[in-house]
Amino acid sequence: MSQEVNPQAAAPEIIAPTVEKPEAVKRKWRFRTDWLRDVFRMSGEKSEPRVGLVILGFSGLFLAIIARLVMLGAFPGDQVGLRRATSNAISAARPDILDRNGIQLATDIRTVSVFAEPRNILDKDEATELLTAVLPDLNAKELRDKLSTKKGFVWVKREITPRQQAEVHRLGIPGVGFVPENKRVYPNGNVAAHVLGFANVDNVGIAGIEKYIDSQGLQDLNGAGFTVQASDLKPVQLSIDMRVQHLLRDELVKGIEKYRAIAAAGAIMDVNTGEMIALVSLPDFDPGNPVDALEKDRINRMNVGVYEMGSTFKALTIAMALDSGKATINSTYSTAGGMMRFGRQVIKEYHGTGRTLTVPEVFLHSSNMGSIKMALSVGVEGHKAFLKKMMQLDRMTTELPESAAPIVPGRWGEINTATIAFGHGLAVAPLQALAAVGALVNGGYLITPTFLKRSEEEAKKNAIRVIKPETSEAMRYIMRINGEKGSARFANIPGYFVGGKTGTAEKVINGRYAKNKNFTTFTAIAPSDKPRYVFLAIYDEPKGYAESGGYSTAAWNAGKTTGKVIERAAPILGMAPRFEPPPSPFPLMAKLGAWGSR
């Protein structure tokens with residue numbers, strides 16, 4: 001059945017396009033150009049478009065910053081970890097350390113370390129296999145575990161060699177790269193280990209002068225990124241003379257072998273500036289590879305160990321008695337009987353004379369009884385006050401962070417004063433005792449030791465007068481007599497007018513004195529008429545030998561070593577030998593007619 005269709009009704013409706021008139025187009029473009037012109041026009045009434053454009057621009061900038069922060073917060077491991085680690089590694093620079101003559105003791109060198117971005121490593125097993133083949137000291141399991149994390153940055157190996165870097169580079173593993181770092185090196189090996197200390201793999205000071213440098217603000221600078229390389233920092237110049245440091249260590253190494261001691265230490269100090277010219281403690285370690293630095297026997301015995309210093313303390317006792325006025329250089333003390341009793345305790349002379357001794361003779365014969373009587377004449381409280389003034393009862397602070405407090409009697413009575421008078425019952429760091437002896441002979445000024453180079457004028461600014469100049473001359477005098485006639489004669493090197501004092505103390509083992517284990521010390525000054533340096537050597541448990549007749553007392557080991565050190569060091573330190581004694585070295589002692597002055 002067909003249906004009729006109306007052609008007009010089926011045809012679609014056609015709408016004619018609207019044609020914009022030329023006048024309308026002109027008005028439109030005129031509006032746009034006028035608006036842009038208004039933006040840059042400076043008139044006040046047209047400022048609204050300009051402000052709108054500025055607001056629009058800043059809004060876009062802030063939106064971009066916010067978007068970036070959101071992205072970094074959502075994906076922190078992609079690049080931030082790498083940048084942070086790289087920045088920290090590069091900024092960890094340290095200043096060079098020099099000796100007093102400009103010899104380099106520690107410096108930084110540039111090296112590289114291998115890192116990995118676990119997220120970018122597709123085949124963890126293959127990467128582990130390839131890296132351990134090139135770097136065989138890596139632990140494969142530990143490396144595989146690192147690479148399996150979702151971290152954006154992990155260390156593979158720190159401080160590799162250029163050859164290892166080239167081999168890792170040839171592997172071409174995506175996600176493995178290199179970070180430049182600063183590595184601390186010590187060109188002289190063990191020679192000044194306990195002075196320098198060492199820095200860890202992150203170039204942070206762990207001990208010694210290295211730790212002191214960090215305490216002066218270095219790590220704050222590093223953290224802020226201001227020190228990228230060592231040349232950005234002023235070198236640290238020490239008071240140490242590397243030539244003297246080497247010879248002191250050499251003589252102590254020989255001494256340990258000859259006297260079969262378990263340890264040794266020594267130091268040389270300028271008595272007028274407090275500068276430490278050398279300091280050695282054995283056994284030591286290599287600062288560049290300090291794997292055994294924390295072993296118990298590697299402590300700095302000069303600064304960290306505390307010991308009963310034996311008869312070297314008699315110098316302090318005599319100085320105290322003279323300076324207090326309780327004794328004069330001509331005072332005498334009876335040693336008849338060779339012993340003194342304090343309740344149930346008996347103190348004996350080591351080599352008693354059984355006769356009356358003058359003050360110089362008490363020192364010369366190392367009389368316990370004479371020393372005790374001098375100390376008791378001052379009294380317990382006076383004794384304590386003098387030792388505190390001499391820096392023997394408190395921890396001594398130097399640039400070296402490591403130090404130990406003295407072991408002081410809890411209840412200090414007359415018996416304590418008696419034993420401390422001859423060097424027993426009070427344990428101090430040897431460096432403390434060295435500083436005290438320096439004050440006894442430099443005119444009476446106590447100067448805290450320093451490991452930094454300084455002048456005599458700088459030292460005297462903070463020096464404290466602890467004894468009179470007359471007392472200082474008396475102490476130089478009696479030390480010189482002991483160098484000529486007494487236990488210090490082993491160190492009496494011709495031409496240098498040496499004075500000194502030995503000290504032998506029995507070690508305390510489990511709360512008791514061990515008769516067969518000694519701690520020996522020897523303190524020397526040169527030249528005695530006007531001292532420039534004080535020398536100290538100590539041995540821990542030295543043994544007797546054929547030449548000593550089996551004796552292990554200080555004169556036969558620490559004394560002999562000190563003599564050899566003076567003989568080698570004096571020319572280096574600019575001490576010219578004098579083969580004729582000075583005409584009037586101790587004028588006051590001669591005037592007073594002191595024993596031995598004629």
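How do the residues of the lining of the largest cavity divide into nonpolar, polar and charged? I will start there and then go through the pockets, two helix pairs and a few backbone points. This is a predicted model, so every value here is computed from predicted coordinates.

The division for the largest cavity is five nonpolar, three polar and no charged residues. The space inside that cavity is about 50 Å³. Its lining consists of Thr312, Phe313, Leu316, Gln392, Ala433, Ala436, Val437 and Thr523. Helix H16, residues 430-441, supplies the largest share of that lining, with three residues.

In total there are three cavities of 30 Å³ or more. The second largest has a volume of about 40 Å³. Around it are Leu248, Ala267, Ile268, Phe535, Leu536, Ala537, Thr562 and Val565. Seven of those lining residues are nonpolar, one is polar and none is charged. Strand E8 (263-270), E20 and helix H19 (558-572) each provide at least two of them, and E20 gives the most, with three.

Now the pockets. For the largest one, the volume comes to about 1300 Å³. There are 39 lining residues, and those closest to the centre are Ser311, Tyr350, Asn368, His424 and Thr504. Two or more residues of the lining come from each of strand E13 (345-348), helix H15 (414-421), strand E18 (499-509) and strand E19 (512-526). Which of the elements gives the most to this lining? That is E18, with six residues. By class, the lining has 13 nonpolar, 18 polar and eight charged residues.

The second largest pocket has a volume of about 520 Å³. It has 21 lining residues, with Val306, Tyr307, Lys507, Val508 and Asp540 nearest its centre. Strand E10, residues 307-308, and E18 each supply at least two residues of the lining. E18 gives the most to this pocket, with five residues, and it also gives the most to the largest pocket. The lining of the second largest pocket divides into 13 nonpolar, one polar and seven charged residues.

Next, helix packing. Two packed helices are described by the angle between their axes and the distance between the axes. I have two pairs to show.

The first pair is H11, residues 314-324, and H13, residues 368-378; they pack at an angle of about 40 degrees, with their axes 9 Å apart. At that angle H11 and H13 are therefore oblique to each other. Their crossing is left-handed. On the H11 side, the contact is made by Lys314, Thr317, Ile318, Met320, Ala321 and Ser324, and on the H13 side by Asn368, Ser371, Met374, Ala375 and Val378. By class, that contact has six nonpolar, four polar and one charged residues. Asn368 of H13 belongs to this contact, and Asn368 is also among the residues closest to the centre of the largest pocket.

The second pair is H5, residues 124-134, and H7, residues 162-171. Their axes come within 10 Å and cross at roughly 155 degrees. The cut-off for roughly antiparallel is over 145 degrees, and H5 and H7 are therefore roughly antiparallel to each other. What is the handedness of the crossing of H5 and H7, left-handed or right-handed? The crossing is right-handed. H5 makes the contact through Leu130, Leu131 and Val134, and H7 through Gln164, Glu167, Val168 and Leu171. That contact has five nonpolar, one polar and one charged residues.

Last, the backbone. Most residues other than glycine have a negative phi, and most peptide bonds are trans. Three places depart from that.

Glu159 is not a glycine, yet its phi is positive, about 55 degrees. Glu159 sits in strand E3, residues 154-160.

The other two places are cis peptide bonds. One runs from Leu282 to Pro283, with omega near 0 degrees. Pro283 is in the loop between strand E9, residues 276-282, and E10. E10 is the strand that came up in the lining of the second largest pocket.

The other cis bond runs from Ala526 to Pro527, with omega near -15 degrees. Pro527 lies in the loop between E19 and strand E20, residues 533-540. E19 contributes to the lining of the largest pocket, and E20 to the lining of the second largest cavity.

That is what I have on this model.

Definitions and conventions. Residues are numbered from 1 along each chain as its sequence is written. This is a predicted model: local features need pLDDT of at least 70, side-chain atom pairs count only at pLDDT 80 or more; totals for chains, interfaces and linings use all residues. Side-chain values use heavy atoms; hydrogens and water are left out. Axes are lines fitted to C-alpha atoms, for helices over the stretch in contact, and angles run from 0 to 180 degrees between N-to-C directions. Helices (H or I, at least four residues) and strands (E, at least two) are DSSP runs, numbered from the N terminus. Angles under 35 degrees count as roughly parallel, over 145 as roughly antiparallel, 65 to 115 as roughly perpendicular and the rest as oblique. A crossing is left-handed if the near helix is turned anticlockwise from the far one by less than a right angle, and right-handed if clockwise. Contact means heavy atoms within 4.5 Å. Ala, Val, Leu, Ile, Met, Phe, Trp, Tyr, Cys and Pro count as nonpolar, Asp, Glu, Lys and Arg as charged, and the others, Gly among them, as polar. On a 1 Å grid over the protein atoms alone, a cavity is a set of points where a 1.4 Å probe fits but cannot get out, and a pocket is an open set with protein on both sides within 12 Å along at least five of seven lines; lining residues have an atom within 4 Å of a point. Grid points are joined across faces, edges and corners, and a volume is the space filled by probe spheres set on the points.
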